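The exercises below concern the reading of a protein model. Please work through each task before consulting its solution.

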Amino acid sequence: MKLVIQGKNIEITDAIRSYVDQKITKAVNHFKHLTNEVDVNLSVAKNGKTPPQQSAEVTLYINGAVVRAEESSENLYASIDLVANKITRQLRKYKEKRNGRNTSSVKPNDALLSTDLPTADVSALLNKAPTLPDAVLRTKYFSMPPMTVEEALEQLELVDHDFYMFSNAETGEINVVYERNHGGYGLLQPRQHQNGEANSPQHAANFA
């Protein structure tokens, strides 16, 4: 298992590296044989009005899945403890799904496509060349292997985000699954005109 530790506004000392190694190794103990790489990012955000927030972000690349967690506190070691505990919970959830527990699996038609879900046109977002603000805080790149909607929902629960973008194995399109404000999940996908072209940019997306 490859462990990569990086720091922002903080020096990664031998003591910090040893503590991270100890905690993360313990958290992924039962999955070491499946884990290809673990990326740990430690950072300190300074604000003159409040104590510095010290964050620990962990990303695991495990058996074709990505498991991610992030925690912040005023103490770096406490943040490492918190994120290690969260990773343990995430991996336990992953194991339960792999073992076929919670077999009341989510069906796309039931969980994603409900009558009160507004039609969302995200073609403009998906086809438009990305533009970034002047102050870019973070840029991330990740692989996007084709997967089903059910697999994307599993990933959504593992990455500790409220949305997940993926390549739909059935259509070959870029889709997004997300947590709805009032519960349940939504699926965003580009809608095609009869001539096969995506909708024009002036259509707005509603992510309720």
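The conventions come next, followed by the exercises with their solutions.

This is a predicted model, in which local features need pLDDT of at least 70 and side-chain atom pairs count only at pLDDT 80 or more, while totals for chains, interfaces and linings use all residues. Residues are numbered from 1 along each chain as its sequence is written, and side-chain values use heavy atoms, with hydrogens and water left out.

**Exercise 1. Overall composition**

Determine how many helices and strands the protein has, and in what order the elements run.

Step 1. Helices (H or I, at least four residues) and strands (E, at least two) are taken as DSSP runs, numbered from the N terminus. The protein has five helices and eight strands.

Step 2. Read from the N terminus, the elements follow the order β-α-β-β-β-α-α-α-β-α-β-β-β.

Step 3. Buried means under 20% relative accessible area, exposed over 50%, and partly exposed in between (1.4 Å probe, protein chains only). Of the 208 residues, 32% count as buried.

Step 4. A contact means heavy atoms within 4.5 Å. Among contacts with a separation of 6 or more, 50% come from residues 24 or more positions apart.

**Exercise 2. The two sheets**

State the strand order of each open sheet and identify its edge strands.

Step 1. Two strands pair if DSSP finds at least two bridges between them. One open sheet has four strands in the order 1-2-3-4, with mixed pairing. Its edge strands are strand 1 (2-8) and strand 4, each of which pairs on one side only. The twist from one strand to the next averages 10°.

Step 2. Within this sheet, strand 2 and strand 3 are antiparallel and share 11 bridges; N41 has E57 in strand 3 as its bridge partner.

Step 3. Axes are lines fitted to C-alpha atoms, for helices over the stretch in contact, and angles run from 0 to 180 degrees between N-to-C directions. Helix 1 lies across strand 1, strand 2 and strand 3, at about 130° to strand 2.

Step 4. The other open sheet also consists of four strands, in the order 5-6-7-8, and its pairing is mixed. Strand 5 (146-147) and strand 8 each have a single partner strand, so one side of each lacks a neighbour in the sheet. Helix 5 packs on this sheet and touches strand 5, strand 6 (163-168), strand 7 and strand 8; its direction makes about 150° with that of strand 6.

Step 5. Strand 7 (residues 174-179) and strand 8 (residues 185-188) run antiparallel and are joined by four bridges. Y178 stands opposite G186, and V177 stands opposite L187. The two strands form a hairpin with five residues between them, and G183 in the turn has a positive phi of about 100°.

**Exercise 3. Helix 2**

Compare the span of helix 2 with its expected value, and describe its surroundings.

Step 1. The expected span of a helix is 1.5 Å times one less than its number of residues. For the 23 residues of helix 2 this gives 33 Å, and the end C-alpha atoms are 33 Å apart, which agrees.

Step 2. A polar contact is a pair of N or O atoms within 3.5 Å; within protein, one must be able to donate a hydrogen and the other to accept it, and residues adjacent in sequence count only if both atoms are side-chain atoms. N75 caps the N-terminal end of helix 2, with a side-chain oxygen 2.9 Å from the backbone nitrogen of Y77.

Step 3. The buried residues of helix 2 include I80, V83, A84, I87 and L91. An α-helix has 3.6 residues a turn, so residues three or four places apart point the same way. The cover over the buried residues of helix 2 includes helix 1, strand 2 (35-47), strand 3 (50-62), strand 4 (65-73) and helix 5 (149-158).

Step 4. R92, also found in helix 2, is partly exposed at a relative accessible area of 46%.

**Exercise 4. An aromatic pair**

Classify the arrangement of the rings of Y19 and Y77.

Step 1. Rings of Phe, Tyr and Trp (its six-membered ring) pair if their centres lie within 6.5 Å; planes under 30 degrees apart count as stacked, over 60 as edge-to-face and the rest as tilted. By this rule there is one aromatic pair.

Step 2. The ring centres of Y19 and Y77 are 4.8 Å apart and the planes stand at 80°, so the pair is edge-to-face.

Step 3. Y19 belongs to helix 1 (residues 14-27) and Y77 to helix 2 (residues 76-98), so the pair ties together parts 58 residues apart in sequence. Y77 is partly exposed, at 32% relative accessibility.

**Exercise 5. The setting of T35**

Establish whether T35 is buried or exposed, and which residues T35 touches.

Step 1. T35 lies in strand 2 and counts as buried at 5% relative accessibility.

Step 2. A polar atom of the T35 side chain lies 2.7 Å from the backbone oxygen of F31.

Step 3. Not counting residues up to four places away in sequence, T35 touches M1, Y61 and I62.
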